[in-house]
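Visitor: I am new to this structure. Please walk me through the terms and show how each one is earned.

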Amino acid sequence: MSGFIPEDIVEQVRANSDIIQIVGAYVKLNRRGRNYLGLCPFHQEKTPSFTVSQEKQFYHCFGCGRGGNVFSFLMEHERMTFPEAARLLAERAGVRIPEREVDDIRRGELEKLYYANQVAGEYFREVLRSPQGAPVREKYLIESRGISQATLDQFGVGYATDNWQGLIDFSAKRDLSPETLGKAGLTILSEERRRWYDRFRERVMIPITNLSDRVIAFGGRTVRSDDPAKYINSPETALYSKSNALFGLNLTRQYIREAGFVIIVEGYFDLISLWQVGIRNVVASSGTAFTQEQGRLLRRFAEEAFLFFDADSAGVKAAIRSVDALFNAGVEVKVMRAPQGHDPDTLARSGAETIQNLISNAERYLQFRFRSLNSAALGPVEKAALTKEIGDIAARISDPTLRGVFTAEAAELLGVDKALVSNVSQRTASTGNPQPSSARRQDDWGARGMKVIEAEFMSFLLAFPRLSSYAAERVTRGHFSSPKLASLFDALRAWTESDDSEDISRFLGALPDDKLRETATFLLTRSWPTETPGDTLRDFVNSIIDATETTPNLETLKRALKEAERASDTDTARRLASEISARVIERDAGAVSAS
Ligand SMILES: [Zn+2]
């Protein structure tokens, strides 16, 4: 399974990784009894149904059904390959992977792009530190923008000179081709001259980093006053998707979590300046409108967002464009009002106190919107348009309480009846995307096409894996009517024969199939008393055998088939249909021979 990394190293990595720490870096987890609970990173939800067990080192979501161990979490969430996940965990856990293996992995396509970005980052930093970069460093960054050397280092800020081949030449010494740099968005091929050249020139280079602290792209700020393109960003690559990335989050997420709210700014330097004065619960959207993905990402760390944009009309527009995705993700939105002529960057330079004041005086989004429109002076047509706009936002707020408060406030500010706003919002809601269903009940085995007794039995065996060999003396896969449970039963038996660790997260890693793994984690979320498991086992085995050895009659089977079809449970339906036809053939054959 591991391919590149020896099994004993994988084992060391597993033993030294804690799923709470790893998952906790992406999801705000709260302790609930024996487990931890948070908002699922794999689907959108308002009520936490994502469960993580420290004791057994697995996660499971009752909303969408995803589940697995620490490796599968990184593979699914960061779209890593197994060796990539293992390498990341190894780094965090301080387990050394032998050099050759690292080289092997580096040849992987994504690794090459990470490597290209890493080398580019080194190059840009080196240039900024060199005499060539001195004017930009001292005059532009330190003197004019007021950024300290320490802050520049922290964010890995660098510089690209006017050399069209600088990065290409530097990278050649590191075994990186211009083509690979091109795939990472760092070089451009000139069609006519069939020649590669550096994408970024005469720009301050700001690395954009993912949540695993690896550089995936760059933002480049021109240092020429006559350049119309103030900023150039890396294009979308296999590593970098604009709609997912949030600048700074890798550094600031812990501060966001602690503060309980996040400040959203537009520019890299806005964030860097705020960071420098000690305001650290910030992310930068890099000037694009907030996407659903970004909204959901933020919702994992904070329930409230403060938009902090320029005071001009572009800033107001940016705020309006961003609220949809935030409200939609269940984030409450407030707006910090920068005084005319100021922006977050300049305000930050006047000190943390100025920013704290703006935070305390922030307006709720609706107040901001009404004020910026001067709503008292609106004519009936504009008022209707505004009612529609507000109703549309309200419709996307999935939390009923939040929606109610929002609607009431809107109606008061608009001077219209509350029903009018909620009418609009209901119309929009009925045509919009359906909200995902809330968390399933933990013991809702039946809804998953599993017989309660079989599911509970399997759940029990997963809690006490060693008992499965005793169970196997009397129970076989044929005793399970659900094919998934039958496969799990076989897999668990086979695993306990080859592995005596009783570490169930290893079993999860050994399962070949995602769906099977998700069923297993679902079953694992049920906890079982640890006293007298032997007695419980005996009771289960007897019940299972009793349940399957009383054969149902044909009518019962037909009813079950109808039910399975209604529930779109194709697996069960198919099994029942074939059983019914077998019975009918048997019966008819009997009838023929009897006549
Ligand atoms: Zn989920």
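Guide: A disulfide is a pair of cysteine sulfur atoms within 2.5 Å. By that rule, this structure holds 0 disulfides. Keep in mind that the model is predicted.

Visitor: Why is Cys 40 called buried?

Guide: Buried means under 20% relative accessible area. Cys 40 has 6% relative accessibility, so Cys 40 counts as buried.

Visitor: What makes Cys 64 partly exposed?

Guide: Partly exposed lies between the 20% limit for buried and the 50% limit for exposed. Cys 64 is at 31%, so Cys 64 counts as partly exposed.

Visitor: Where is Ala 302 found?

Guide: Ala 302 is in the loop between helix H13 (292-299) and strand S14 (304-308). Its relative accessible area is 3%, so Ala 302 is buried. Ala 302 and Glu 258 are 44 residues apart in sequence. In space they are 8.9 Å apart, C-alpha to C-alpha.

Visitor: What makes S9 largely enclosed?

Guide: Strand S9 covers residues 203-209, and 7 of the 7 are buried, so S9 is largely enclosed by the rest of the structure.

Visitor: Which residues of S9 point one way, and which the other way?

Guide: Arg 203, Met 205, Pro 207 and Thr 209 point one way. Val 204, Ile 206 and Ile 208 point the other way. In a regular strand the side chains alternate between the two faces of the sheet.

Visitor: How do you know that S9 and S10 pair?

Guide: Pairing takes at least two bridges between two strands. S9 and strand S10 (residues 215-222) have 7 bridges, in the antiparallel sense. Set against the cut-off, 7 bridges make S9 and S10 a pair. One of the matches is Ile 208 with its bridge partner Ala 217 in S10. The hairpin of S9 and S10 has 5 residues between the strands. There, Asp 213 takes a positive phi near 65 degrees.

Visitor: How many bridges join S6 to S9?

Guide: Strand S6 (residues 158-160) pairs with S9 over 3 bridges, again antiparallel. Ala 160 stands opposite Arg 203.

Visitor: What joins S2 to S1 and to S3?

Guide: Strand S1 (residues 30-32) and strand S2 (residues 35-38) run antiparallel and are joined by 3 bridges. Asn 30 has Leu 37 in S2 as its bridge partner. The hairpin of S1 and S2 has 2 residues between the strands, and Gly 33 takes a positive phi near 65 degrees. S2 also pairs with strand S3 (residues 50-53), antiparallel, over 4 bridges. Here Tyr 36 stands opposite Val 52.

Visitor: Which strands form the open sheet, and in what order?

Guide: The sheet has 5 strands in the order S13-S12-S14-S15-S16, with mixed pairing.

Visitor: What makes S13 and S16 edge strands?

Guide: Strand S13 (282-284) and strand S16 (363-364) each pair on one side only. Strand S15 (residues 332-336) pairs with S16 in the antiparallel sense over 2 bridges. Lys 334 stands opposite Arg 364 in S16.

Visitor: How do you know that the span of H14 is close to the expected one?

Guide: Helix H14 (residues 313-328) has 16 residues and reaches 24 Å from its first C-alpha to its last. The expected value is 22 Å, at 1.5 Å a residue, and the span is close to that. H14 also has a kink of about 30 degrees, centred on Ser 322. Ser 322 is among the buried residues of H14, which include Gly 315, Val 323 and Phe 327. Gly 330, with a positive phi near 85 degrees, follows H14.

Visitor: Why are Tyr 365 and Phe 368 called a tilted pair?

Guide: Ring centres must lie within 6.5 Å, and tilted planes are neither under 30 degrees apart nor over 60. Tyr 365 and Phe 368 are 5.9 Å centre to centre, with 45 degrees between the planes. Against those limits the pair is tilted. Both residues lie in helix H17 (residues 365-373), 3 residues apart, about one turn of the helix. Both are buried.

Visitor: How many aromatic pairs does the structure hold?

Guide: It holds 30. Ring pairs also link Phe 457, Phe 460, Phe 464, Phe 480, Phe 489, Trp 528 and Phe 540 into a cluster.

Visitor: Which residues touch the most other members of the largest nonpolar core?

Guide: Phe 50 and Ile 264 do, in a core of 73 residues. Another core, of 62 residues, lies apart from it and includes Tyr 123 and Leu 358.

Definitions and conventions. Residues are numbered from 1 along each chain as its sequence is written. This is a predicted model: local features need pLDDT of at least 70, side-chain atom pairs count only at pLDDT 80 or more; totals for chains, interfaces and linings use all residues. Side-chain values use heavy atoms; hydrogens and water are left out. Buried means under 20% relative accessible area, exposed over 50%, partly exposed in between (1.4 Å probe, protein chains only). The expected span of a helix is 1.5 Å times one less than its number of residues. The bend at a residue is the angle between axes fitted to the seven residues ending there and the seven starting there. A nonpolar core is a set of buried Ala, Val, Leu, Ile, Met, Phe, Trp, Tyr and Cys residues joined through side-chain atoms within 4.5 Å. Rings of Phe, Tyr and Trp (its six-membered ring) pair if their centres lie within 6.5 Å; planes under 30 degrees apart count as stacked, over 60 as edge-to-face and the rest as tilted.
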